[in-house]
Amino acid sequence: MICQNEAPLKSHPVATGRHPSSRLFRKTTVAVPREFSFQECLKFLARSDKERTHAVHPECVRKLIKIDDEPILFELRNMRHGFLEITFLNRLVPASIRSPVIEFVNEWLDLDTNLSPFYRFARKNSLLKQLTTNHYGLRLIKIPDLFEALCWAILGQQINVAFAYTLKQRVVENFGESFVFESATYWRFPTPETIAELQPADLLNLQFNRQKVEYIIGLARLMRDGNVSKQRLLEMSTLENAREALLNIRGVGPWTASYVLMRCLGFRSAFPIEDIGLHNALQRQLNLPRKPSLEEIRNMSAGWGGWQAYVAIYLYRSLL
DNA sequence: ATCCAGGAGTCCG
DNA sequence: CGGACTCATGGA
């Protein structure tokens, strides 16, 4: 019931008002690329029932974002025939908001990437062949918010993922911004400005250890003060330069840097090779008696044709 | 109970 | 520079 349309709606985009400049939209559409499966993306997004920065339902996903300092709650669903439908739930929006939302969706689900070369490449490699067959159409699902991506990686260091989601849920519900719609609450990850002002005890109470508290508050201050920004990282010409900049952040080591290069900054050749979850996934996919060594993985991944980040996402997916 | 978990910083030689 | 130690708690 949550995902049903409330009222009959005209074909998209639904506009009101007489003048083009004042048109308001309730819905819009996004074209999807080849090699795309909305259900595979939903499955990935639904990994944890403790995730609060989006809400997955059987046929759709809802997310709260902010555009021009305005909260925008939208719903994404499959339309078939190569389109996704975006419904603006909390208000009608002008084109000046519709465009950035479409842009956000494109980035979130990595819709601008042509996966045909990857899928052709994968046919020649038994591991990649089985991953792309089993999870056809899965995209590199991003965490577009740099602060959220870095915090999520830091939270995930050296603890099991289930507990990491518990910690993330607590941070979001204690310090994030929320919006209530139809008696459900939707959340945004807290801003650096908010976290930068916290006392260590605020996070220790949520069962963070002292290291993570120090890392996350320090990171929040760096970002609040403009010393670290997504734009600056994206302006760096190469993966190596962005990686160096990330490694300068206290609490960000090789794994976290690669993870964020992949999940937030969209570098398709980034690969968090130290990731225990990926080691387990590789062991299972390759039927190995033990986890592969770093050197074995380095050798394998060197042959993944610049699609390492996609391989990582498909490997994570294989664990669900 | 015991071991592991989608690591990173520090210290030591 | 490479290796050992510490952090610190939930899940299985």
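These legends accompany close-up views of a predicted model of a protein with DNA strands B and C.

**View 1. Residues around DNA strand B.** DNA strand B has 24 residues around it. Those that come nearest are Arg47, Val161, Gly251, Thr256 and Tyr259. Of the strand B atoms that come within 4 Å of the protein, 59% belong to sugar and phosphate. By class, the surface near this strand holds 10 nonpolar, 9 polar and 5 charged residues.

**View 2. Polar contacts to DNA strand B.** Two phosphate contacts are shown here, one through Thr256 and one through Pro254. Thr256 places a polar side-chain atom 2.7 Å from a phosphate oxygen. Pro254 uses a polar backbone atom, at 3.4 Å from a phosphate oxygen. A base is contacted too: an N or O atom in the side chain of Tyr316 is 3.5 Å from a base nitrogen of strand B. Helices H9 (210–224), H12 (254–263) and H13 (276–286) are the elements that each give two or more residues to the surface near strand B. H12 gives the most, with 4 residues.

**View 3. Residues around DNA strand C.** Asn160, Phe163, Gln207, Asn209, Arg210 and Gln211 surround DNA strand C. Sugar and phosphate make up 71% of the strand C atoms that come within 4 Å of the protein. The surface near strand C consists of 1 nonpolar, 4 polar and 1 charged residues.

**View 4. Polar contacts to DNA strand C.** Bases of strand C meet the side chains of Asn160 and Gln211. In Asn160, a side-chain N or O atom is 3.1 Å from a base nitrogen. In Gln211, a side-chain N or O atom is 2.7 Å from a base oxygen. The backbone takes part at Arg210, where a polar atom lies 2.8 Å from a phosphate oxygen of strand C.

**View 5. The hairpin of strands S9 and S10.** Strand S9 covers residues 177–181, and strand S10 covers residues 184–188. The two run antiparallel and are joined by 5 bridges. Phe181 stands opposite Ala184 in S10. Between the strands lie 2 residues. Glu182 in this hairpin takes a positive phi near 50°. Most residues other than glycine have a negative phi.

**View 6. Thr166 in helix H6.** Thr166 belongs to helix H6, which spans residues 161–175. The relative accessibility of Thr166 is 12%, so this residue counts as buried; the cut-off is under 20%. Its side chain makes a polar contact of 2.7 Å with the side chain of Lys50.

**View 7. Glu35 in the loop between S3 and H1.** Strand S3 (27–31) and helix H1 (38–45) flank the loop that holds Glu35. Phi of Glu35 is positive, about 50°, although the residue is not a glycine. Is Glu35 buried or exposed? Glu35 is buried, because its relative accessible area is 7%.

**View 8. Asp110 in the loop between H2 and H3.** Asp110 sits in the loop between helix H2 (95–108) and helix H3 (116–122). Its phi is near 55°, a positive value in a residue other than glycine. With a relative accessible area of 8%, Asp110 is therefore buried.

Methods. Residues numbered from 1 in each chain as written. Chains lettered and ligands numbered in written order. Predicted model: local features only at pLDDT ≥ 70, side-chain atom pairs only at ≥ 80, totals over all residues. Heavy atoms only, no water. Near = heavy atom within 4 Å. Polar contact = N/O pair within 3.5 Å; in protein donor to acceptor, adjacent residues only side chain to side chain. Nonpolar A, V, L, I, M, F, W, Y, C, P; charged D, E, K, R; others polar. Pairing = 2+ DSSP bridges. Buried < 20%, exposed > 50% of the residue type's maximum accessible area, 1.4 Å probe, protein only.
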